[in-house]
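The following exercises are to be worked with the sequence and the coordinates at hand. Each task is followed by a solution in steps.

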Amino acid sequence: MSYQVLARKWRPHCFEELVGQRHVLQALTNALDGDRLHHAYLFTGTRGVGKTTVARILAKSLNCEQGVSATPCGQCSSCVEIDEGRFVDLIEVDAASRTGVDDTRDLLDNVQYAPTRGRYKVYLIDEVHMFSKSSFNALLKTLEEPPPHIKFLLATTDPKKIPPTILSRCLQFNLKRITSDQIEQQLKYILEQEKINSDERSLEMIAFAADGSLRDALSLLDQAISFGGGELRADEVASMLGTIDKDQVLGLLELLANKDAFSVLERIEQLDELSPDYQAILAELLIQLQAVAVKQLVPEARNDHRDNERLEKIAALLTPEECQLYYQITLIGQRDLPFHPEPRSGFEMILLRMLAFQNMEAEVVGRSTQVKKKSKPGSELANNIQKTPEERSASMSSENDVEAIIDSNKSKSSIEARPDNWHRVVEALDLDGLPKQLAISCALEKYENNEFHLLMPPGTMKTRRMEEQLQQALRKKFDKGLRLIITENSLEGKETPKLKQSKEEQKLLDEARQVIKSDPGVQAICEAFDATIIEESIRPIKGSQTGEK
C-alpha cells in the first residue's frame with residue numbers, strides 16, 4: 001500500500017478528535033442533538049485549522065444511518081463513503097476552479113431533486129470567496145429558499161470578499177488559529193502512535209513554524225521525519241526550517257544583558273555560518289524579551305516556561321526600562337531589516353543599537369552625577385559618589401534623606417496659589433490644548449482646604465474630560481488629594497489669565513505704535529512721500545522689555 005501523508009492519515013473523523021475550536025463544536029453539537037439545523041453554514045479561518053474537516057464531519061452527522069446526531073457511528077456505509085470521499089450525496093466543489101456562472105448553474109440544476117442515498121444532499125463549497133459576482137447571484141436565490149433536503153456548507157479563508165447578501169443567509173463560524181501548545185501536544189501524540197523518536201525542542205520549533213495551522217505542522221512533521229531518517233532531532237529540524245535553536249537566541253540575549261558587544265559580534269559570526277533567517281531570530285528575540293518583561297513586572301504570574309532559570313537570570317541583569325528599549329528596537333529592526341542590503345549587517349546594527357542606546361543612557365546618568373558633585377564640592381554626598389551602592393546607602397544619614405524630601409516638596413509647590421497669582425500657576429502647569437484654554441478663561445476665587453475654587457464666565461466651553469485633565473495637572477503640581485471645583489458665574493471684577501494676557505498684548509501694541517509714530521526716520525519718510533502709517537500692520541516684538549520694537 002502506498003504511503004499516506006500524516007495530514008490525511010490523522011484527519012479527524014469525529015468532533016471529539018478535533019484539536020481546538022471548542023466554541024464551534026459546542027454550537028454544532030447542540031444544534032445536531034437538539035434538531036435545530038440551519039440550511040447554510042459558513043466556516044471561516046486561516047489555512048489548516050479544520051474548516052473542511054468540520055464540514056465533512058457535519059455532513060457525516062447529517063447522513064449517518066443511525067440518525068442525525070453529533071456522534072456519527074463511523075461504521076455504516078454512509079459514514080465510510082463520506083470518509084473515503086465517494087458519497088454520492090456529498091457534492092464537494094472547489095470554488096477556485098469553478099468561478100464561472102455557468103459552472104454554478106450546472107451545479108444547482110440538481111438541487112430540486114431528492115438525495116439518492118442519504119438523508120440530505122450536502123453541497124460543500126470550499127474557498128467560496130473565489131466565486132464571481134454572477135456566481136454569487138446565481139447561488140443567492142437557492143441559498144435563500146432551499147428545498148428541505150438541501151444543506152450548504154461553505155468554507156473560506158477570506159470572508160470579507162463574500163457579499164453581505166450571502167453572509168446574511170448563513171450561520172457563520174470563525175475557526176481560531178490553533179495555539180502552539182495544542183499543536184505540540186497533537187504532534188507528540190501522533191509520534192507516539194507512529195513510534196517515532198523525537199525531542200521537545202524539535203516539536204516546539206515545528207509548532208512555532210506552523211503559525212497556527214495544524215495541517216502545516218503535519219506537513220512539516222512529515223518533512224522532518226524524512227530529513228532525520230525516521231526520527232526528530234532539534235539540530236536537524238532547525239537546519240531544515242532554517243531557524244536557530246532557542247538556546248542560541250537566549251545565549252545572545254544573555255550577552256546583550258551583560259553589555260558584551262565583542263561577544264555579541266562573535267556569536268553573530270557563529271550564527272551566520274548556519275545561514276539563518278535573521279527575521280526569525282528577531283521574532284524569537286521578541287518572544288523571549290516579552291517573557292523577561294513579564295518576569296520583571298509581574299513575577300507572581302503563572303509561568304511554566306522551560307527556560308525559566310535562564311530568563312530569571314536575564315531579568316536580573318536587565319532593568320525593566322532596558323528590556324522595553326530592547327523590545328522596541330527589535331520590533332522596529334524587524335520591520336526595517338528587509339530594506340538593508342545585507343541581512344547580517346542589518347542584524348548586527350540592530351543589536352549594536354541596543355547597546356549604543358544603553359550606553360547613551362548611562363552617559364546621561366553619569367553627567368547628571370557630575371553636576372551634582374559640582375553643586376556640593378565638599379559635601380558628604382560628593383565624596384560618596386565613587387563608593388559602591390552598598391557603602392553609599394550606608395553612609396547616607398537620615399538627616400540628608402529628610403532634607404532631600406523637604407527640598408522636593410518645596411520645589412513642587414514653590415508657586416503660591418492666590419487669586420492675583422493664578423496666571424503664574426497656569427503657566428507652570430503641564431497643560432496644552434483645550435484644558436489650557438479652560439484654565440486661562442477662569443479666575444481663581446480661592447484655594448483653601450486643599451480645594452481650588454474657579455469662577456468660569458457663562459458660555460465658556462467645558463467638558464468633563466477637560467476638567468479632569470486640569471485637576472490632574474493641579475494635583476501633579478500641588479497635592480495628589482486636591483479637588484477642583486468650577487462654578488459658572490460672573491467674574492465680579494476678577495482678572496483671568498486670558499484677559500491679563502490680552503491687556504499686556506494691547507499695551508505692547510500701543511507702545512509699538514507710539515514708538516513708530518515718534519521715530520524721526522519714519523516721520524521724515526511720511527513728509528517726503530506724503531505717506532501714512534498703517535497702524536494695523538504694526539506688531540510688537542513679544543517679550544521685549546525695552547523701547548525697541
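The protein chain exposes about 31500 Å², of which carbon and sulfur atoms supply 49%. The model is a predicted one.

**Exercise 1. Describe the overall make-up of the chain: how many helices and strands are there, and what share of the residues is buried?**

Step 1. The protein chain contains 25 helices and eight strands.

Step 2. Of its 549 residues, 39% are buried.

Step 3. Among contacts with a separation of 6 or more, 71% are between residues 24 or more positions apart.

**Exercise 2. Determine the strand order of the five-stranded sheet, and state which helices pack on it.**

Step 1. The five strands form an open sheet in the order β2-β3-β4-β1-β5, with parallel pairing.

Step 2. The edges are β2 (90-94) and β5 (171-174), each of which pairs on one side only.

Step 3. On average, neighbouring strands of this sheet are turned by 15° against each other, direction ignored.

Step 4. Within the sheet, β3 (residues 121-126) and β4 (residues 150-156) pair in the parallel sense over six bridges. Lys121 has Ile150 of β4 as its bridge partner.

Step 5. Helix α2 (residues 22-33) packs on the sheet and touches β1 (40-44) and β5; the direction of α2 makes about 150° with that of β5. Helix α3 (residues 51-63) lies across β1, β2, β3 and β4, and runs at about 180° to β3.

**Exercise 3. Analyse the three-stranded sheet in the same manner.**

Step 1. This open sheet has the order β6-β7-β8, and its pairing is mixed.

Step 2. Because β6 (443-448) and β8 (483-488) each have a single partner strand, one side of each is left without a neighbour in the sheet.

Step 3. From one strand to the next, the twist averages 20°.

Step 4. Strands β7 (residues 451-456) and β8 run parallel and are joined by six bridges. In β8, Thr487 is the bridge partner of Leu455.

Step 5. Helix α23 (residues 464-477) lies across β7 and β8, at about 135° to β8.

**Exercise 4. Locate the largest nonpolar core: which residues have the most contacts inside it, and which element gives the largest share?**

Step 1. In soluble globular proteins, nonpolar side chains tend to be buried together.

Step 2. The largest nonpolar core here has 32 residues, and those with the most contacts inside it are Leu256, Phe347, Leu351 and Met354.

Step 3. Two or more residues each come from α12 (246-257), α13 (261-272), α14 (278-297), α15 (308-317), α16 (320-336) and α17 (343-375). Helix α14 gives the largest share, eight residues.

Step 4. Beyond its neighbours within four places in sequence, Leu351 is in contact with Leu252, Leu256, Val264, Ile268 and Leu285.

Step 5. Another core lies apart from this one; it has 26 residues, including Val19, Ile178, Ile183 and Leu232.

**Exercise 5. Assess the cysteines: how many disulfides are found in the whole structure, and is Cys79 buried or exposed?**

Step 1. A search of the whole structure yields zero disulfides.

Step 2. For Cys79, the nearest cysteine sulfur is that of Cys76, 3.4 Å away. A disulfide requires sulfur atoms within 2.5 Å, and Cys79 is in no disulfide.

Step 3. Buried means under 20% relative accessible area. Cys79 has 0% relative accessibility and therefore counts as buried. Cys323, at 1% relative accessibility, likewise counts as buried.

How values were computed:
Residues are numbered from 1 along each chain as its sequence is written. This is a predicted model: local features need pLDDT of at least 70, side-chain atom pairs count only at pLDDT 80 or more; totals for chains, interfaces and linings use all residues. Side-chain values use heavy atoms; hydrogens and water are left out. Buried means under 20% relative accessible area, exposed over 50%, partly exposed in between (1.4 Å probe, protein chains only). A nonpolar core is a set of buried Ala, Val, Leu, Ile, Met, Phe, Trp, Tyr and Cys residues joined through side-chain atoms within 4.5 Å. Helices (H or I, at least four residues) and strands (E, at least two) are DSSP runs, numbered from the N terminus. Contact means heavy atoms within 4.5 Å. Accessible areas come from the Shrake-Rupley method with a 1.4 Å probe; for residues, only the protein chains shown count as cover. Two strands pair if DSSP finds at least two bridges between them. Axes are lines fitted to C-alpha atoms, for helices over the stretch in contact, and angles run from 0 to 180 degrees between N-to-C directions.
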